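Where does a protein model leave empty space, and how do two of its helices pack against each other? Please keep the sequence and the coordinates at hand while reading the paragraphs below.

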Amino acid sequence: MLKLRTVNQLRLAYLRGLSGQPLTQPQRDNGADEEYTAQPVYPEIRDLTYKARKQRTAADWHENIRQVPTVEEKLIKINMPRYYGYKVVDFNDTKIPYNALPVTQHYTRTVLEKAQPLLQDAKTENKASEKADADDAVFKAAREDVIDAVEFAHEYSKHLAKLPNVAPLDVVARERQLTQIIVEQLNRALLQALSADYAHLHEVEVDYNPRHEAFWAVGGVHPPKNVVKSKKGQKWQEDAATDPVDRLVQYTGAPYLSLRHRNQLAPWKTVAESESLELSKQIPRFKHDARTLGYSTKHQHATNVPGYWPSVNGQNFGLLSFQSRAHLQLRPKSYGERDLLETLDALAIKSSYAWLLAQANYNGFNTYNELTYPLNTQTVITNGREWSFYDYQLNTLLLHGDNVDSNPRVNFCRGTEPLPLYAEISPEGKCVDFNDAVLRQLINLYANVPSVRRSTEEQQPYVAFHISSYDNAEQREFIGKTVKHLTSNRPRHLELPETYMWEKLYKIDNNTRAMEAKRRFFELDVNPWRRTLDQHDKEYVPRALRPGAEKKREGRRKPTYYP
């Protein structure tokens with residue numbers, strides 16, 4: 001009997017299926033159950049349009065980031081597409097333009113709730129009523145220490161200004177110096193007075209002027225004019241010329257002081273309250289370029305720094321941070337009182353969001369991989385005399401692409417208007433009209449016990465192991481060195497290639513040097529901004545240091561371990 005090849009057997013089985021003839025027993029036994037099913041299984045019909053293919057490519061990249069096993073390698077993976085860094089909107093804590101609240105809410109997906117005084121949970125209110133006597137005793141003990149700390153700070157600030165050979169400070173630097181002293185002294189006094197009654201304060205980690213940085217992507221922004229013009233010049237892209245694009249944002253800030261704890265603060269919004277598509281549509285949409293308000297752009301690597309390096313069992317969750325408002329000294333009075341209050345709200349929102357986002361990055365999440373549990377923190381904005389108190393809850397990190405419209409999760413921020421701690425300092429150096437209500441509010445922030453503790457698997461679901469688990473010492477050293485280099489944002493030893501003006505005139509705009517050899521990058525169709533992070537010469541290893549190299553060219557370059 002003639003033996004048919006596999007292709008002919010499949011073709012014969014297909015023809016028999018069309019004619020209604022059943023398969024023979026050998027065909028069923030010889031792997032036919034793998035090829036045929038009782039019900040037809042059709043392959044997925046994919047959208048082959050350009051936009052759909054780009055979305056699938058982006059989704060695959062986001063999944064690749066999620067699959068990276070360690071926190072440090074995830075930070076490197078996000079930076080892999082750009083050797084010279086991304087073009088980002090420069091968010092910082094020293095420049096807030098006029099009418100900045102809508103763009104801040106859009107870029108952080110935050111719902112703002114105003115409260116006077118700051119809202120407290122019912123559980124916290126019950127505990128406070130049960131321990132009223134004890135709280136009064138703690139308050140009385142802390143009150144005298146706080147007043148002494150404020151008076152000492154003003155006296156010491158005057159002493160610094162009178163030192164010889166000291167250049168006079170401008171109004172912003174003078175306020176920052178005074179507020180720094182007040183915040184440090186108040187923190188010392190409150191920790192000393194409250195530690196006996198609140199055990200969690202023994203475990204807090206205090207950071208002075210820490211480095212807070214965060215990177216994320218925001219969708220729903222109008223494309224730049226050059227992008228629109230480029231797409232309209234091609235027929236197949238004309239319809240997508242005005243589609244919204246993503247903007248990359250980099251926040252950089254340095255608060256006066258921050259407190260961290262190993263446990264999380266309890267959320268004050270439930271899951272049901274945090275997921276509301278109707279509520280998300282009420283968030284302001286700022287679709288214009290942020291530069292229209294006065295923000296600037298720059299090129300740098302994506303950095304996420306919450307004030308410390310990644311650790312396994314350290315104080316990895318923010319408890320409280322104190323932000324500066326000294327830059328408001330330069331704000332024109334013509335902007336009005338309402339803009340001043342909105343500026344404080346915008347500063348609280350973006351500083352709190354950025355700090356929590358950086359903490360989320362150290363737990364394996366990022367702007368492309370969603371949170372699996374909420375993060376909370378408390379923020380204080382002060383100039384030493386006036387204090388604003390805020391609570392922030394981070395529920396979502398997905399702001400890029402279509403998530404700006406389809407993501408039902410929102411973040412929440414609630415806070416107070418500026419409240420005076422004291423009226424003034426008398427000529428004798430004494431506090432006048434000390435406000436007990438503000439001090440009680442500040443004590444409540446310190447007394448808020450971080451009670452949420454999660455297992456390692458729940459806290460870091462996308463992290464497989466720590467970098468120290470690698471057996472290869474060179475790999476551990478390479479990853480740690482690369483992360484620190486990216487985080488430092490030092491300029492590259494070779495600057496970005498430059499197009500000189502005469503080249504723009506005689507080579508690009510007008511081809512007047514056709515016979516000249518084409519050696520420049522723009523003549524070779526090389527885009528330096530598209531250079532990836534791993535496109536560089538590997539480090540040279542001297543021959544004497546090459547382990548077991550029998551041939552001259554063996555082991556001349558150190559291997560790289562990019563994710």
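What follows goes from the open pocket to a pair of helices and then to the enclosed cavities.

The model is a predicted one, and a convenient place to begin is its largest pocket, which has a volume of about 2400 Å³. Of the 48 residues that line this pocket, Lys54, Lys231, Val245, Asp246 and Arg530 are the closest to its centre. Two or more lining residues come from each of several elements, namely the helices α3, α9 (225-232) and α13 (403-406) and the strands β1 (86-92), β4 (212-221), β5 (245-253) and β7 (297-300). Helix α3 gives the most to the lining, with nine residues. Divided by class, the lining of the largest pocket has 20 nonpolar, 15 polar and 13 charged residues.

Helix α3, which spans residues 50-67, also leads to a second feature, for its axis and that of α4 come within 9 Å and cross at roughly 155°. Angles over 145 degrees count as roughly antiparallel, and α3 and α4 are therefore roughly antiparallel to each other. The crossing in which α3 passes α4 is right-handed. On the side of α3 the contact is made by Trp61, Asn64, Ile65 and Arg66, while α4 brings Lys74, Lys77 and Ile78. The classes represented in this contact are three nonpolar, one polar and three charged residues.

From α4 the reader can pass on to the enclosed space. Rolling a probe the size of a water molecule over the atoms shows where empty space is left. The structure holds two cavities of 30 Å³ or more, and the largest of them has a volume of about 60 Å³. Leu75, Asn79, Ala302, Thr303, Asn304, Val483, Leu486 and Thr487 line this largest cavity. Both α4 (71-79) and α16 (473-488) supply at least two residues of that lining, and α16 gives the most, with three residues. In the lining of the largest cavity there are four nonpolar and four polar residues, but no charged ones.

The second largest cavity contains about 30 Å³ of space. Gln105, His106, Arg109, Ile283, Arg285, Leu399 and Val404 form its lining, which by class comprises three nonpolar, two polar and two charged residues. Charged residues are thus present around the second largest cavity, whereas the lining of the largest cavity has none.

Taken together, α3 is a useful guide through the model, since this helix gives the most to the lining of the largest pocket and also makes a right-handed crossing with α4, and α4 in turn supplies at least two residues to the lining of the largest cavity.

How values were computed: Residues are numbered from 1 along each chain as its sequence is written. This is a predicted model: local features need pLDDT of at least 70, side-chain atom pairs count only at pLDDT 80 or more; totals for chains, interfaces and linings use all residues. Side-chain values use heavy atoms; hydrogens and water are left out. On a 1 Å grid over the protein atoms alone, a cavity is a set of points where a 1.4 Å probe fits but cannot get out, and a pocket is an open set with protein on both sides within 12 Å along at least five of seven lines; lining residues have an atom within 4 Å of a point. Grid points are joined across faces, edges and corners, and a volume is the space filled by probe spheres set on the points. Helices (H or I, at least four residues) and strands (E, at least two) are DSSP runs, numbered from the N terminus. Ala, Val, Leu, Ile, Met, Phe, Trp, Tyr, Cys and Pro count as nonpolar, Asp, Glu, Lys and Arg as charged, and the others, Gly among them, as polar. Axes are lines fitted to C-alpha atoms, for helices over the stretch in contact, and angles run from 0 to 180 degrees between N-to-C directions. Angles under 35 degrees count as roughly parallel, over 145 as roughly antiparallel, 65 to 115 as roughly perpendicular and the rest as oblique. A crossing is left-handed if the near helix is turned anticlockwise from the far one by less than a right angle, and right-handed if clockwise. Contact means heavy atoms within 4.5 Å.
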